[in-house]
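Student: I am new to this structure and would like to work through its charged side chains with you, one question at a time.

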Amino acid sequence: MEEPWDFEFLSRIADTCLSFLSEFVDDWLANDMRVFIFKILLSWLIFSLIAIHFAWKVYGNTVNDMYYRQGAGQNGGTPETAPHLSGWDSKAAESGKTHRD
């Protein structure tokens, strides 16, 4: 059976996290150039991720439909009954051709 974790081990981890956080807060509040650059880069990263999220909500379906694999190609084919391509088989059957020709 495993031994329970030592209180000393947990105490060391908590002290390490606390000292890191206190040092980070001290640096964050300092008017240092590297903190200023870090804040700018962090803001840019957060802004970019939010913009990507909203762009994907608006244009995600369009992009997904553009890159849907249609037919056999170098990336493989679609299933026999693709939901939004069901009309293609009936038009091909009317002309006497199938997608296997």
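Student: Is glutamate 8 buried or exposed?

Tutor: This is a predicted model, where local features need pLDDT of at least 70, side-chain atom pairs count only at pLDDT 80 or more, and totals for chains, interfaces and linings use all residues. Residues are numbered from 1 along each chain as its sequence is written, and side-chain values use heavy atoms, with hydrogens and water left out. Buried means under 20% relative accessible area, exposed over 50%, and partly exposed in between (1.4 Å probe, protein chains only). Glutamate 8 has a relative accessible area of 52%, so the word for glutamate 8 is exposed.

Student: Which residue forms a salt bridge with glutamate 8?

Tutor: A salt bridge here is a side-chain nitrogen of Lys or Arg within 4 Å of a carboxyl oxygen of Asp or Glu. The partner lies four residues apart from glutamate 8, about one turn of the helix, and both are in helix α1 (residues 7-29), helices being DSSP runs of H or I with at least four residues, numbered from the N terminus. With the closest N and O atoms 3.9 Å apart, the partner is arginine 12.

Student: Which residues are joined into one network by salt bridges that share partners?

Tutor: Aspartate 27 forms a salt bridge with arginine 34, their closest N and O atoms being 3.7 Å apart. The side chain of aspartate 32 also meets that of arginine 34 in a salt bridge, at 2.9 Å from N to O. Through these shared partners, the network joins Asp27, Asp32 and Arg34.

Terms used:
Helix = DSSP H or I, 4+ residues; strand = E, 2+ residues; numbered from the N terminus.
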